[in-house]
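Me: I have a structure on my screen and would like to talk it through with someone. Could you help me find my way around?

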Amino acid sequence: MPAIEANGTAEISARAAAQLNAAVRDAGSLALSMFGKPIKQWTKGPSSSPVCEADIAIDALLRERLTGGGNAFAWLSEETADDAARLAARYVWVVDPIDGTRAYIAGQPDWAISAALIEQSRPIAACLYAPALDEFFAARAGAGSTLNGVAIAAAPGAALRGICIAGPQKFLERLNSILPSFTKLPRGHSLALRLARVAQGTCDAAFAGGNSHDWDLAAADLLVHEAGGALTPLAGGAIAYNRPVPRHGMLIAAGRDRHAALIGLLGDERLALR
């Protein structure tokens, strides 16, 4: 594909979506070719989070496919050393080669490849691919969200009784003190997939614990937004991407009306997480 040029957000997002679609599908094929086989693995950073050779191979493939054609877009990935030059860029690719590496290493299916294009702090094109589940989510600013080519939408309504919620266990235990009637869904290994279930409408609300990063969130954020939902901090407002430290506190995702109701509920002092 020819290099993407800055000819306006609509054209950029359309061309980026096509480029992302092809690159992420190829990355998914690479991931599946290594899935369930003996692979090298190690830990990194103070959190000792796992990484494997598939993470590195997929990162390299996506970087070549998304930045190797001559465009001037910057790059931010979980598996690439950060480059401060991204902070001055209008457009930044944000990538998690494998969101849910623990599941991938263990041979479990709930992992995904997450990629998005950021324009001035917000995503404008995104793909989230779970190859082992045969689920390909895609979104483009102003064009809606899809799963395997079919339009999806967040669950409508503002009712809170009896809804299905996914999130960190300890937080849901606190939530249970003021919202006693709800169903807890499995948290899952992939945060991006947890949030995508809100966009899909199979999960009414989802929470992300603190310490998530741009690469965990950007693609899912656009999916939720374009599906008629919202993903925000617990106090509300938009998530800003491509900051000097690309890390975020606790977040909530839901359809817009239910999101507003939950934001109001979360003002309860018993849920203060400071």
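Reply: Happy to; this is a predicted model, and we can take it topic by topic.

Me: Let's begin with the open sheet of 7 strands: which strands are at its edges?
Reply: The strand order in this open sheet is β3-β4-β5-β6-β7-β8-β9, and the pairing is mixed. An edge strand pairs on one side only, and that applies to two of them here. They are β3 (74-77) and β9 (150-151).

Me: Within that sheet, what is the bridge partner of Glu-119 in β6?
Reply: Strand β5 covers residues 112-119 and strand β6 covers residues 122-130. The two run antiparallel and are joined by 7 bridges. For Glu-119, the partner in β6 is Arg-122.

Me: Which strands does helix α5 touch as it packs on the sheet, and what angle does its direction make with that of β7?
Reply: Helix α5 takes in residues 191-200 and touches β4, β5, β6, β7 and β8. Its direction and that of β7 (135-140) make an angle of about 70°.

Me: How many of the 10 residues of α5 are buried?
Reply: Buried here means under 20% relative accessible area. Leu-191, Leu-195 and Val-198 are among the α5 residues that meet this, and so are Arg-194 and Arg-197. The helix is mostly covered, and the number of buried residues is 9.

Me: Which element gives the most to the largest nonpolar core?
Reply: In soluble globular proteins, nonpolar side chains tend to be buried together. Here the largest such core has 39 residues, and Val-94, Leu-128, Phe-137, Leu-195 and Leu-223 have the most contacts inside it. Helix α6 (residues 214-226) lies across β3, β4, β5, β6, β7 and β8, at about 100° to β6. With 8 residues, the element that gives the most to this core is α6.

Me: Beyond its neighbours within four places in sequence, what is Val-94 in contact with?
Reply: One contact is Leu-76, and others are Ser-114, Ala-115, Ala-116 and Ile-118. The list is completed by Asp-214, Trp-215 and Ala-218.

Me: Turning to another strand, which residue of β16 is the bridge partner of Ala-206?
Reply: In strand β12 (residues 205-208), Ala-205 and Phe-207 point one way while Ala-206 and Ala-208 point the other way, and all are buried. Strand β10 (residues 163-166) runs parallel to β12, with 2 bridges between them. Strand β16 (residues 251-255) runs antiparallel to β12, with 4 bridges. In β16, Ala-206 is partnered by Ala-253.

Me: Is Ser-212 buried or exposed?
Reply: Ser-212 sits in strand β13 (residues 212-213). Setting aside residues up to four places away in sequence, Ser-212 touches Leu-191, Leu-217, Pro-246, Arg-247, His-248, Gly-249 and Leu-251. Its relative accessible area is 4%, and the cut-off is under 20%, so Ser-212 is buried.

Me: Last one: which element gives the most to the lining of the largest pocket?
Reply: This pocket has a volume of about 1000 Å³. It is lined by 34 residues, and those nearest its centre are Ser-49, Glu-78, Asn-211, His-213 and Asp-216. Elements that give two or more residues to the lining include β2 (49-52), α3 (101-106), β13 and α6. With 3 residues, the one that gives the most is β4.

Terms used. Residues are numbered from 1 along each chain as its sequence is written. This is a predicted model: local features need pLDDT of at least 70, side-chain atom pairs count only at pLDDT 80 or more; totals for chains, interfaces and linings use all residues. Side-chain values use heavy atoms; hydrogens and water are left out. Buried means under 20% relative accessible area, exposed over 50%, partly exposed in between (1.4 Å probe, protein chains only). Two strands pair if DSSP finds at least two bridges between them. Contact means heavy atoms within 4.5 Å. Axes are lines fitted to C-alpha atoms, for helices over the stretch in contact, and angles run from 0 to 180 degrees between N-to-C directions. A nonpolar core is a set of buried Ala, Val, Leu, Ile, Met, Phe, Trp, Tyr and Cys residues joined through side-chain atoms within 4.5 Å. On a 1 Å grid over the protein atoms alone, a cavity is a set of points where a 1.4 Å probe fits but cannot get out, and a pocket is an open set with protein on both sides within 12 Å along at least five of seven lines; lining residues have an atom within 4 Å of a point. Grid points are joined across faces, edges and corners, and a volume is the space filled by probe spheres set on the points.
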